Amino acid sequence: MKHCLVVDDSSVIRKVARRILEELEFEISEAEDGLKALELCRQRMPDAILLDWNMPEMDGLEFLLALRKEEGGGAPIVVFCTTENDVAHITRAIRAGANEYIMKPFDKDIVEAKFQEAGLL
Amino acid sequence: MIASQFEYLQQFLKSRSGLVLSNEKQYLVESRLLPVARRHGLSSLSELVQAMQKPGATQIATDVVEAMTTNESFFFRDGTPFQLFRETMLPAMIKARADRRTIRIWCAAASTGQEPYSLAICLKEAAHKLAGIRVEIIATDLSSEVLDKARNGIYSQFEVQRGLPIQTLLKYFTQKGDLWQINADLRAMVQWRKLNLLESFAGLGTFDIVFCRNVLIYFDQPTKVDVLQRIARGIAPDGYLVLGAAETVVGLTDAFRPVPGLRGLYQTGQAGPSAATPRPRLSVAG
Ligand SMILES: C[S@@+](CC[C@H](N)C(=O)[O-])C[C@H]1O[C@@H](n2cnc3c(N)ncnc32)[C@H](O)[C@@H]1O
């Protein structure tokens, strides 16, 4: 079973994402901001990370840049999942090392399609 | 709507678009046709069916036909056909058409354009292999409404997130507010025509690759056979036919045979070498 870390400051979004990803047979951990996510990654590197952009403490982009510098931090497949839906944001995310990008709102079909693109399914 | 009116609709749709509407589909008729009725200032399906039967009701009739089509489509739908296009069909055709220098592709039920545009993207990415061979993509559909959308190439955020990798989206689309438009150079690669598969398409000429996906499923058996046999006549002897994931020619016609090991791919079997030499019993895929 692959392990996916869901990082979002909204508990509602985390719950929705968890339900979708559990149906796709992922084991789920959750974090409510980038800092907590980084701590979790240090303890146990996930296979995939579903990552919000705007969060208190450390935002998604800062987290991604920090993650890629960690030991083993190049491995997880990172899928942004955010309301930031303009080309400038998407481009910055890809440059920072994101593998795929979901523009909110999302549903199961989109998550499934994007995880497939990213080679996770 | 009384039973005889539903029967009228069934017969009307069968003859106009080939659509087979089973008796259990009454709910579908209501959800699709009530909006059409309202658009024409009518308050019920009964009134709509009556209005359709009046002489000169061509606009209402067309609207009914179009409203009853299912237009769902995705970019790179089902994946495999496009992989086969890149890895099998296109390389074979580049070799076989080295002299004629043109490859002709037909999307026979193109709906809102995702299928022909997915092919256009594949061709863009294979441009260096084409060595100057011209590729034509002709995309047809029965419905003018979907063709208008296809021609504009404008898709919702939802539509571009199913089947398109983010890098492909950035590379070939331009953002317009919350919508995304496929770039002009890709739009220029596709020619659009309104065409009913029940009518003659001999005028389109001969094709090397035909995508006819997720439309035969709506037809009855004789209609499927008729359309397939006419496609066979419009396809080059070494050309390819691609059907949808739930469709096949097996048991319908021997105008086409499945290409061994390559799911969803069919050939007429008249091709020079493969027709002259008997196929080996055990063929290994790819
Ligand atoms: C489900 S879509 C398929 C789109 C695309 N080929 C795909 O597989 O994603 C079916 C399309 O067939 C078209 N169609 C239905 N009956 C037709 C007919 N008799 N002639 C031409 N097109 C037809 C509909 O308008 C609709 O756009």
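**View 1. B:Ser17 and its surroundings in the predicted model.** In this predicted model, B:Ser17 belongs to helix α1 of chain B. B:Ser17 has a relative accessible area of 9%, and because buried means under 20% relative accessible area, this residue counts as buried. When residues up to four places away in sequence are set aside, B:Ser17 touches B:Val65, B:Leu142, B:Leu198 and B:Phe219.

**View 2. The crossing of helices α1 and α3 of chain B.** Helix α1, which spans residues 3-17 of chain B, and helix α3, which spans residues 45-52 of chain B, have axes that come within 10 Å and cross at roughly 50°. This angle makes α1(B) oblique to α3(B), and the crossing of the two helices is left-handed. On the side of α1(B), the contact is made by B:Gln5, B:Tyr8, B:Leu9 and B:Phe12, while α3(B) contributes B:Ser46, B:Val49, B:Gln50 and B:Met52. Sorted by character, the residues of this contact comprise five nonpolar, three polar and no charged ones.

**View 3. B:Phe85 in the largest nonpolar core.** The largest nonpolar core holds 70 residues, and of these B:Phe85 and B:Phe173 touch the most other members. Helix α5 of chain B, which covers residues 80-96, supplies the largest share of this core, namely seven residues. Leaving aside its neighbours within four places in sequence, B:Phe85 is in contact with B:Leu90, B:Pro91, B:Ile105, B:Leu119, B:Cys122, B:Leu123, B:Ile209 and B:Phe211.

**View 4. Another nonpolar core, with B:Leu216 among its members.** Apart from the largest core lies another one of 27 residues, which include B:Leu216, B:Ile235, B:Leu241 and B:Phe256.

Definitions and conventions:
Residues are numbered from 1 along each chain as its sequence is written. Chains are lettered from A and ligands numbered from 1 in the order in which they are written. This is a predicted model: local features need pLDDT of at least 70, side-chain atom pairs count only at pLDDT 80 or more; totals for chains, interfaces and linings use all residues. Side-chain values use heavy atoms; hydrogens and water are left out. A nonpolar core is a set of buried Ala, Val, Leu, Ile, Met, Phe, Trp, Tyr and Cys residues joined through side-chain atoms within 4.5 Å. Buried means under 20% relative accessible area, exposed over 50%, partly exposed in between (1.4 Å probe, protein chains only). Helices (H or I, at least four residues) and strands (E, at least two) are DSSP runs, numbered from the N terminus. Contact means heavy atoms within 4.5 Å. Axes are lines fitted to C-alpha atoms, for helices over the stretch in contact, and angles run from 0 to 180 degrees between N-to-C directions. Angles under 35 degrees count as roughly parallel, over 145 as roughly antiparallel, 65 to 115 as roughly perpendicular and the rest as oblique. A crossing is left-handed if the near helix is turned anticlockwise from the far one by less than a right angle, and right-handed if clockwise. Ala, Val, Leu, Ile, Met, Phe, Trp, Tyr, Cys and Pro count as nonpolar, Asp, Glu, Lys and Arg as charged, and the others, Gly among them, as polar.
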